[in-house]
Each structure stands twice: as structure tokens, then as C-alpha cells.
Amino acid sequence: MRKLTINADTTLKYFQVFNGILELTYRELQVLAKLVDMGETIDLCSAINKKIVAQDMGIKDYNTLNNYVKRLKDKGAIKKTKNGYELNPLLSQQQKVVIEINSK
């Protein structure tokens, strides 16, 4: 068994580790990381969060982020709940994650 240690010192880098599973574009990863970095966990994609993220990313109309929200939901990075959108529990940041890959 081989051990691989990955230092993911930002939210974006942490999500990049899982991107082989999610297959998000770099821009989708950026949007997701910025939404998560907002710190709101109940309604990750609230209008307020989208406005702040859009401004931070230089996007003129925050409603443009609705396209990213839909794609993030379709790809399983976030899920719709009764309170809005939540991060997929698989992606919640943890100090240590063990990934086992079985082949054959």
C-alpha cells in the first residue's frame, strides 16, 4: 500500500483533490470554493452570497451564478434541501481524508 499526502491549504485546492470524481470546470471549482468560504452552511447559494461572490469574481449580474449553481447541483457538488443548497457531505473539509481505490 502506498501513502500519498496532499497539502490542501485553501478551499479551492481541497476541492481540486475531489475533482476527478466531480468533473467540475475550474470556474465551477472557483465559484464553489468562494461560496463555501462565505461560511454560510444552511443556504450556501443565497442571493446575498451570490452577490458577494459575483462581485469578487468580477461578474456583473449575480444571477449569472444561477447557471453555476445548477451545474454544481447536477454534478453532485451541492444538493437542494428545504433550506436552499448545502455542500455535498463528501466535500466538507476535514483534516484527514482516506480514499481507497480498488482496481480489478
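**Helix angles and ring pairs**

Modeller: Let's start with helix 3 and helix 4, which are oblique to each other in this predicted model.

Biologist: Why are helix 3 and helix 4 called oblique?

Modeller: Their axes cross at roughly 125°. Roughly perpendicular covers 65 to 115 degrees, and roughly antiparallel needs over 145. The angle of roughly 125° fits neither range, so the pair counts as oblique. The axes come within 10 Å, and the crossing is right-handed.

Biologist: Which residues of helix 3 and helix 4 meet?

Modeller: From helix 3 there are Arg27, Gln30, Val31, Lys34 and Leu35, and they meet Asn49, Val53, Asp56 and Met57 of helix 4. Sorted by class, this contact has four nonpolar, two polar and three charged residues.

Biologist: Helix 4 also packs with helix 5. What makes helix 4 roughly perpendicular to helix 5?

Modeller: Helix 4 and helix 5 (residues 65-74) pack at an angle of about 110°, with axes 10 Å apart. Angles of 65 to 115 degrees count as roughly perpendicular, and therefore helix 4 is roughly perpendicular to helix 5.

Biologist: Which residues form that contact?

Modeller: Lys50, Val53 and Ala54 in helix 4 meet Leu65, Asn66 and Val69 in helix 5. By class, that is four nonpolar, one polar and one charged.

Biologist: On to the rings! How many aromatic pairs are found in the whole structure?

Modeller: The search finds two. One joins tyrosine 14 with phenylalanine 15, at 6.2 Å centre to centre and 65° between the planes.

Biologist: Why is the pair of tyrosine 14 and phenylalanine 15 called edge-to-face?

Modeller: Planes over 60 degrees apart count as edge-to-face. The planes here are at 65°, so the name fits.

Biologist: And what makes the pair of tyrosine 14 and phenylalanine 18 tilted?

Modeller: Their planes are at 55°, with 5.4 Å centre to centre. Stacked needs under 30 degrees and edge-to-face over 60. An angle of 55° meets neither condition, so this pair is tilted.

Biologist: Are tyrosine 14 and phenylalanine 15 buried or exposed?

Modeller: Both tyrosine 14 and phenylalanine 15 are buried, and phenylalanine 18 is buried too. Ring pairs link Tyr14, Phe15 and Phe18 into a cluster.

Biologist: What does the protein chain look like along its sequence?

Modeller: The pattern reads α-α-α-α-α-β-β, which comes to five helices and two strands. Of its 104 residues, 33% count as buried.

Technical notes
Residues are numbered from 1 along each chain as its sequence is written. This is a predicted model: local features need pLDDT of at least 70, side-chain atom pairs count only at pLDDT 80 or more; totals for chains, interfaces and linings use all residues. Side-chain values use heavy atoms; hydrogens and water are left out. Axes are lines fitted to C-alpha atoms, for helices over the stretch in contact, and angles run from 0 to 180 degrees between N-to-C directions. Helices (H or I, at least four residues) and strands (E, at least two) are DSSP runs, numbered from the N terminus. Angles under 35 degrees count as roughly parallel, over 145 as roughly antiparallel, 65 to 115 as roughly perpendicular and the rest as oblique. A crossing is left-handed if the near helix is turned anticlockwise from the far one by less than a right angle, and right-handed if clockwise. Contact means heavy atoms within 4.5 Å. Ala, Val, Leu, Ile, Met, Phe, Trp, Tyr, Cys and Pro count as nonpolar, Asp, Glu, Lys and Arg as charged, and the others, Gly among them, as polar. Rings of Phe, Tyr and Trp (its six-membered ring) pair if their centres lie within 6.5 Å; planes under 30 degrees apart count as stacked, over 60 as edge-to-face and the rest as tilted. Buried means under 20% relative accessible area, exposed over 50%, partly exposed in between (1.4 Å probe, protein chains only).
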